[in-house]
Amino acid sequence: MSRHIRKKLGEKDKAKDVKGTLRRLWDYLSNRKGILYLVILMVIISSGAALLGPFLVGKAIDEYIVTKNTSGLLELIIALIVVYIFHSLSVWFQNFWMIGVAQDTVYRLRRDLFHQLHLLSIPFFDKRKHGELMSRVTNDIDNVSNTLNSSFIQIIASILTLVGTVSIMLWLSPLLTLITLTIVPLMVLGMKWITKRTGRLFKEYQQNIGELNGYIEETISGHSIIKTFSREETAMKDFDGKNRRLRTSAYWADTYSGFIPKLMNVLNNLSFAIIAGVGGIFVLNDMITIGVIVIFAEYSRQFTRPLNELANQYNTMLSAIAGAERVFQILDEEEEAKDEKHAVEIDEIRGEVDFQNVSFSYGKEAQTLVDVSFSITPGETVALVGPTGAGKTTITNLLTRFYEHDKGMVLIDHQDIRSIKRNSLRQQMGFVLQDSFLFQETILENIRYGRLDASDEEVIEAAKLANAHSFIEKMPEGYATLLRQDGSGISQGQKQLLSIARAILSNPSILILDEATSSIDTITELKIQEALKRLMEGRTSIVVAHRLNTILQADQILVLDGGEIIESGTHEQLLEKQGFYHGLYQSQLKASS
Ligand code: ADP
């Protein structure tokens, strides 16, 4: 798409506080203040040289060519060459230094942003889409970088050139300047007329391209579904429609935007004609010299260009400022609360867990946990049971301090968890979650994530204990097999075995297990059960349980409903009660055994 199309700004492209954002961006830039001033100096020199060039040519005509003064002309040509060499050098240096400043600035911005993302709490991430956060680290920062690279110099140069040319023109001949400037309103009106249309067309084009890209993405990720349901034809037809709409809107947007340089050209020629015609009459009346006509002709081209450039840069700059503002917003987010002043490290813990009248809510709305109390003795396995949304996961979230409870006390080995450093607390815990995250790394490194200083032998030992060794050995490159981030290439069950191996390696005192609800083939399932049994041996384990087998083996079952513990005991005790658990057992759990 031609760069002459002025992008119509959407809501998200507008910064709320342009001044404040610019000031903060300047703070980032000012780390390199010295070089930045040098850049500005170079821009002044190059703009000055660009003004001086035509001025000297005019002087050459009036003072040396008309009077046939060869030696004077020669001197002036040398002066002209020197001016243009200065011009080229200063342009080269300003670009060279500015790229350095821009890259250094976005480097620091990116570093601070990434650092900040790690300090933010889990609730922060809950509230935002991952795609949006990704876009801030990548697109928004790219936007800032591009704009710093190009716009900063261009804006200063354009303003200097504009002010410089008009001042010199006014000084040489105010009347001819006024006549030449009559072209400006025409130019502004013409640009407005075109950009009003291109703005609308460009918006349509953006929408269509967004739709088409979304459709392509969907089709590629859902290609197996499309094949399964034999929907290839429909998909192609849909695509064709979208592709056609994109073609039409791109055609009109391009056509209209192509008018801008042509219009500029026409107006430039018109202005040249006015200068030559009116200027000629002025020369005949001895009001100006021929050299002045040449200077005017050259300058009139120079001042239309910055006008055009400023108009082009305007919207790009506004979206970059909006991008920078979004980046600063994240930098301003409150970090996960700092540890208490007297928070301590914990080393060896026995794994006793106590919840005392704990209440919690995620937002201001309904309470998620109400007055929850229970105790787990070291090494015990506790199964949390209850319908979806009962608050099982929330209990584990409070124990890890991903969220802070509102009322009551949570104790580990009789110590309030708020008086323990978060990192130290989390180091004591191991997790096997439903959907364990795998990094785009080898199997070996993925397991080692459990404990970074583990040796290869220890990793393999953990894999053996997790019943993962045999399937890993069968992979094309064994432990060196590269996993894909989406976990494709290995099965759900194998993924769980890897995550168990990770937990075994980290050797936690307290284990948090979120049992998978999806069914896995019987053999793998048995392997998982066996591996889990090994993992849970001698550790305090809290299991968000879905399988009857796990529940049967638990030392204690806590039955939750609506954020409250409504029953607790062993399987037999609870069945005897004929209460909620009994109903749950009859309707769901039995089927999963
Ligand atoms: P369970 O694990 O028993 O299925 P959860 O503990 O995940 O239940 O959820 C308990 C309640 O809290 C549900 O109503 C759920 O919608 C809500 N909830 C869970 N996580 C969040 C969150 N991050 N923000 C807001 N509400 C949440």
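## A buried Asn, a ligand shell and a buried Gln

Asn467 is buried, with a relative accessible area of 14%. The model is a predicted one.

Asn467 sits in the loop between α14 and α15, just after α14. Its phi is near 60°, a positive value in a residue other than glycine. Most residues other than glycine have a negative phi.

Asp286 also departs from that pattern: its phi is positive, about 60°, although it is not a glycine. Asp286 belongs to the loop between α9 (232-284) and α10 (290-332). Asp286 is exposed, because its relative accessible area of 70% is over the 50% cut-off. Asn467 is buried, because its 14% is under 20%.

Next comes the helix before Asn467. Helix α14 covers residues 456-465, and Val459, Ala462 and Ala463 in it are buried. These three span an arc of only 100° around the axis, so they lie on the same side of α14. The cover over the buried residues of α14 includes α13 (443-448), α15 (469-474) and α16 (492-506).

Now the ligand. The residues around the ligand are Asp126, Tyr362, Thr368, Pro387, Thr388, Gly389, Ala390, Gly391, Lys392, Thr393, Thr394 and Tyr403. By class, this shell holds four nonpolar, six polar and two charged residues. Helix α11 (residues 392-399) gives the most to the shell, with three residues.

Three ligand atoms have listed distances to polar protein atoms:

| Ligand atom | Protein partner | Distance |
|---|---|---|
| oxygen | polar backbone atom of Ala390 | 3.1 Å |
| oxygen | polar backbone atom of Lys392 | 2.9 Å |
| nitrogen | N or O atom in the side chain of Tyr403 | 3.3 Å |

Taken alone, the ligand exposes 570 Å². The protein buries 59% of that area.

Finally, a strand residue. Gln556 lies in strand β9, which runs over residues 556-561. Is Gln556 buried or exposed? Gln556 counts as buried, because its relative accessibility is 16% and the cut-off is under 20%. Which side chain makes a polar contact with the side chain of Gln556? The partner is the side chain of Glu380, at 3.3 Å. Leaving aside neighbours within four places in sequence, Gln556 is in contact with Ser375, Glu380, Thr381, Val382, Ala383 and Gly569. Glu380 thus appears in the contact list and in the polar contact.

Terms used: Residues numbered from 1 in each chain as written. Predicted model: local features only at pLDDT ≥ 70, side-chain atom pairs only at ≥ 80, totals over all residues. Heavy atoms only, no water. Helix = DSSP H or I, 4+ residues; strand = E, 2+ residues; numbered from the N terminus. Buried < 20%, exposed > 50% of the residue type's maximum accessible area, 1.4 Å probe, protein only. Polar contact = N/O pair within 3.5 Å; in protein donor to acceptor, adjacent residues only side chain to side chain. Contact = heavy atoms within 4.5 Å. Near = heavy atom within 4 Å. Areas by Shrake-Rupley, 256 points an atom, 1.4 Å probe, with all protein chains shown as cover. Nonpolar A, V, L, I, M, F, W, Y, C, P; charged D, E, K, R; others polar. Arc of directions from axis to C-beta.
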